[in-house]
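The following exercises are to be worked with the sequence and the coordinates at hand. Each task is followed by a solution in steps.

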Amino acid sequence: MERRHLGRTGLRVSRIGLGTLSWARSGGTGGGERADPGTGHEAHLRHDQHVRNAADQLKTFWEAGGTLVDTADVYGDGEAEHLLGRLMQDLVPRRDLVIATKAGGVPDPHRPFDCSRGHLLSALDASLDRLGTDHVDLWQVHAWDPYTPLEETLQALDTAVSSGRARYAGVCDFSGWQLAKAGTWQRAAPGVRQPLAATQMEYSLLQRGVEREVLPAARDLGIGLLPSSPLGRGVLTGKYRDPGPPPTGSRGASERLAAFVEPYLDGAAARITDAVATAADGLALPPLQVALAWVRDRPGVVAPIVGARTAEQLAQALSVEGLSLPDEIRAALDDVSAPVHRYPDHDWSEL
């Protein structure tokens, strides 16, 4: 798999990343559904199958040349990190992977993110313990915390890198002005503060909002973009095109995750999804490969983070490696999904 530099750094990562949100069976922010525990025997069988599925995904990714694995301390209350740590001991060597994790999320409905220096550094130590490693390659603040001074949050990133517990630092889900402020602050003291290497944001043909402010800021500051939900929360695969209830086993059929998918099931999204399906038919490819190739090759993008339920689904996504969309297909998809950019989204020179 081709590798790309992560922002303006020397770190190179595979241009498709593996997401581990689906490895978390229950609990935590974004941790998936909480299963009925059932009997002890049933729970044991489910656990074994869950571990095998994660192992199959990681092996498939590794054998395809993938290196970047993205997780978070809140995925299943640390379950995803713990499982990844086990698999790095038993299946895939730690040295072959670029491990990215996040901190800042907390199980508090009134304050879902705590990016204070104390919480972040304690969370990092806990992540390293679960992962069974002395460092992560990319450590990311999970979201903006309006209750903590930004300088304090960023000092935690500096401490993590200077202490060797993290090699590079990044942020997730910062708006344009937030990213510009954080990125500029870090670059204002070369050799003292650690420049941000990456920002992780949702980006797909169904969600191009980052192109207004976030992506221009990231590119100007040398910060690489890691798109999450690059398949439009699964909608761009075409699985929801048929009328009737969502397919069994899909997020749209899940009581917990249906609300996550629902915003992308409107008429505008349907038109874009139909265009992807038409392009896919013309190229004799699955729609997900067309949608993934589009976002992978957007300016400023380093590596879309792909989450899959099974190794088979992941393998289909990874087969996009040899695909480059024809210019006319790319232009047609650009047009059908183009967001509205008006003042003051861009400066006057671009209006």
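**Exercise 1. Determine which residues of helix 9 are buried, and establish what covers them.**

Solution. The coordinates are those of a predicted model.

Step 1. The buried residues of helix 9 are Leu 288, Gln 289, Val 290, Ala 291, Leu 292, Ala 293, Trp 294, Val 295 and Arg 296.

Step 2. Helix 9 spans residues 287-296, and nine of its 10 residues are buried, so the helix is largely enclosed by the rest of the structure.

Step 3. The cover can be traced to particular elements: the buried residues of helix 9 pack against strand 1 (3-5), strand 9, strand 10, helix 8, helix 10 (311-318) and helix 11 (327-337).

**Exercise 2. State the order of the strands in the open sheet and identify its edge strands.**

Solution. Step 1. The chain has 11 helices and 10 strands. Eight strands form the open sheet, in the order 9-8-7-6-5-4-3-10, with parallel pairing.

Step 2. Strand 9 (224-228) and strand 10 (305-306) each pair on one side only, and these are the edge strands.

**Exercise 3. Describe how strand 8 is joined to strand 7, and decide whether the faces of strand 8 are covered or open.**

Solution. Step 1. Strand 7 (residues 166-172) and strand 8 (residues 198-202) run parallel and are joined by three bridges. Cys 172 stands opposite Gln 200 of strand 8.

Step 2. Five of the five residues of strand 8 are buried.

Step 3. Sorting these residues by side places Ala 198, Gln 200 and Glu 202 on one face, and Thr 199 and Met 201 on the other. As the residues on either side are all buried, both faces are covered.

**Exercise 4. Characterise the largest cavity and the second largest pocket by volume and lining.**

Solution. Step 1. The structure holds one cavity of 30 Å³ or more. About 40 Å³ of space lies in the largest cavity.

Step 2. Its lining consists of Cys 115, Val 141, Ala 143, Trp 144, Asp 145, Thr 148, Leu 150, Thr 153 and Phe 174. By class, six of the lining residues are nonpolar, two polar and one charged.

Step 3. The second largest pocket holds about 200 Å³ of space. Among its 15 lining residues, Leu 205, Leu 206, Gln 207, Arg 208 and Ile 272 lie nearest the centre.

Step 4. The lining of this pocket divides into nine nonpolar, three polar and three charged residues. Helix 8 (residues 267-283) supplies the largest share, three residues.

**Exercise 5. Locate Asp 77 and Ser 229, and report the phi value of each.**

Solution. Step 1. Asp 77 lies in the loop between strand 4 (68-70) and helix 2 (79-90). Its phi is near 55°, a positive value in a residue other than glycine.

Step 2. The relative accessibility of Asp 77 is 54%; exposed means over 50%, so Asp 77 counts as exposed.

Step 3. Ser 229 lies in the loop between strand 9 and helix 7 (258-261). Its phi is near 45°, a positive value in a residue other than glycine.

**Exercise 6. Summarise the burial, contacts and surface of the chain.**

Solution. Step 1. Of the 351 residues, 51% count as buried.

Step 2. Among contacts with a separation of 6 or more, 77% are between residues 24 or more positions apart.

Step 3. The accessible surface comes to about 15,900 Å², and carbon and sulfur atoms account for 51% of that surface.

Definitions and conventions:
Residues numbered from 1 in each chain as written. Predicted model: local features only at pLDDT ≥ 70, side-chain atom pairs only at ≥ 80, totals over all residues. Heavy atoms only, no water. Helix = DSSP H or I, 4+ residues; strand = E, 2+ residues; numbered from the N terminus. Buried < 20%, exposed > 50% of the residue type's maximum accessible area, 1.4 Å probe, protein only. Contact = heavy atoms within 4.5 Å. Areas by Shrake-Rupley, 256 points an atom, 1.4 Å probe, with all protein chains shown as cover. 1 Å grid on protein atoms, 1.4 Å probe; cavity = no way out; pocket = protein on both sides within 12 Å on 5 of 7 lines; lining within 4 Å. Points joined across faces, edges and corners; volume = space filled by probe spheres on them. Nonpolar A, V, L, I, M, F, W, Y, C, P; charged D, E, K, R; others polar. Pairing = 2+ DSSP bridges.
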